[in-house]
Amino acid sequence: MRTRRAVILGLGGTAGALAFTLGLGWWKSRNSAQPGAGLLPLPVADMSFNLSNHRGNPVQPADWIGRPTMVFFGFTWCPDVCPTTLSDISDWLADLGPEADRLNVALISVDPERDTPTVLAEYLSNFDRRIVGLTGQLPEVEKAAAGFRAKFEKLPRDGDYTMNHTAGVFLFHADGRFASIIDFHEDRRFALPKIRRILT
Amino acid sequence: MLSTLLTLTAPAAFACEIFTVGDLSVEHAWSRATIGADRPGVFYVEVTNAGTTDDALIGIATPAAGMPMLHETVVTNGIASMPHAMSIPVPAGQSVKLAPGGYHGMLTGLTTALNEGDSFPVTLTFEKAGEVTVNVEVLSLRAEGPDCEHAGQ
């Protein structure tokens with residue numbers, strides 16, 4: 001793990017520049033290439049959805065108000081992006097230590113068909129225990145995604161299906177205001193400062 | 001000091017073995033544990049081309065999965081997708097990584113769940129160098145890569 005970190009840091013210059021360029025491109029294209037998507041995520045207080053967490057308890061956006069919030073969209077059948085992001089999030093939470101206890105940290109499943117609360121619970125037991133899995137009826141997941149201006153799409157693949165989905169990590173202040181996004185290919189060194197900003 | 005000794009005396013993990021075929025060396029072959037056999041597994045590896053001729057990884061095969069395929073994670077407008085990669089270039093004098101968030105092998109139709117500590121063979125087919133079979137080490141679902149002493153790339 002330590003070696004990998006060193007490798008990542010070593011690649012930081014190039015990757016950082018690339019991520020920055022990609023990030024810029026993404027922000028620009030939000031306003032031009034994707035009509036209807038050129039909007040920032042709503043404040044948490046203006047979102048509307050009824051989901052269930054991996055312990056089977058109901059969760060609504062209002063439950064998040066009062067604590068800073070970090071949200072990622074994914075699914076447990078995802079082989080690459082989701083375990084990678086959940087590993088990253090677990091590392092960030094470990095680095096932040098007890099301070100991170102003040103965060104709401106949620107994985108919202110874009111594959112509620114397969115990701116029941118039980119399935120999410122088993123999957124998330126492999127990562128930091130502070131990450132809460134959310135799932136529910138598809139229309140409710142769609143309402144959640146709409147609030148974040150996130151997208152997901154089911155794709156048939158080899159007799160099965162996979163999901164395309166927004167891969168960034170969304171950050172919100174304790175009062176629910178949108179703060180920033182940690183882009184999937186962004187230099188990971190920028191992640192902790194972004195998270196610390198919503199903790200202050 | 002103790003950790004140094006342990007590193008020196010412990011047998012190298014599977015993922016740290018280096019396999020060669022022609023001018024290519026293949027190392028850091030690893031995978032993540034899966035929950036059950038229904039979910040796809042993943043395959044990561046690093047290929048270094050010490051020769052003067054460009055090559056390409058054009059396929060993978062393994063008894064561990066019915067449908068192993070090369071994929072690439074692509075993020076467009078913030079949205080991640082995983083198109084098939086028909087061929088992954090391994091240019092002369094360069095290293096190419098199949099690593100989290102980029103190129104990877106997707107192991108669909110797992111024969112059995114992949115458990116941490118298991119290993120399984122994967123045969124890589126290169127356009128010019130031909131085939132080489134490597135041992136793939138299964139790390140935890142949370143792993144981000146093997147910890148190899150020689151991994152100073």
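Colleague: What percentage of the 200 residues of chain A count as buried?
Modeller: This is a predicted model, in which local features need pLDDT of at least 70 and side-chain atom pairs count only at pLDDT 80 or more, while totals for chains, interfaces and linings use all residues. Residues are numbered from 1 along each chain as its sequence is written, chains are lettered from A and ligands numbered from 1 in the order in which they are written, and side-chain values use heavy atoms, with hydrogens and water left out. Buried means under 20% relative accessible area, exposed means over 50%, and partly exposed lies in between, with a 1.4 Å probe and protein chains only. On that scale, the buried share of the 200 residues of chain A is 55%.

Colleague: In what order do the helices and strands of chain A follow one another from the N terminus on?
Modeller: Helices (H or I, at least four residues) and strands (E, at least two) are DSSP runs numbered from the N terminus. Chain A has five helices and nine strands. From the N terminus on, the order of these elements is α-β-β-β-α-β-α-β-α-β-β-β-β-α.

Colleague: Which strands of chain A are the edge strands of the seven-stranded open sheet?
Modeller: Two strands are said to pair if DSSP finds at least two bridges between them. With mixed pairing, the seven strands of this sheet in chain A stand in the order E2-E1-E5-E4-E3-E8-E9. The edge strands of chain A, each of which pairs on one side only, are E2 (58-59) and E9 (178-182).

Colleague: Which residue of E9(A) is the bridge partner of Leu171(A)?
Modeller: Strand E8 of chain A, residues 169-172, pairs with E9(A) in the antiparallel sense over four bridges. In E9(A), the bridge partner of Leu171(A) is Ser180(A).

Colleague: At about what angle to E5(A) does helix H3 of chain A run?
Modeller: Angles run from 0 to 180 degrees between N-to-C directions, the axes being lines fitted to C-alpha atoms, for helices over the stretch in contact (heavy atoms within 4.5 Å). Helix H2 of chain A, residues 81-96, lies across E3, E4, E5, E8 and E9 of chain A and runs at about 165° to E3(A). Helix H3 of chain A, residues 117-124, lies across E1, E4 and E5 of chain A, and its angle to E5(A) is about 155°.

Colleague: Which strands stand at the edges of the four-stranded open sheet E6(A)-E7(A)-E7(B)-E6(B)?
Modeller: The four strands of this sheet, drawn from chains A and B, pair in the antiparallel sense. One side of each edge strand is left without a neighbour in the sheet, because each has a single partner strand, and these edge strands are E6 (152-157) of chain A and E6 (74-76) of chain B.

Colleague: Is Asp187(A), which forms a salt bridge with Arg189(A), buried or exposed?
Modeller: A salt bridge is a side-chain nitrogen of Lys or Arg within 4 Å of a carboxyl oxygen of Asp or Glu, and the closest N and O atoms of Arg189(A) and Asp187(A) are 2.8 Å apart. Arg189(A) counts as partly exposed because its relative accessibility is 45%. At 6% relative accessibility, Asp187(A) counts as buried.

Colleague: How many salt bridges does the structure hold over all chains?
Modeller: Lys194(A) forms one of them with Glu186(A), the closest N and O atoms being 3.0 Å apart, and both of these residues are buried. Over all chains, the number of salt bridges is 11.
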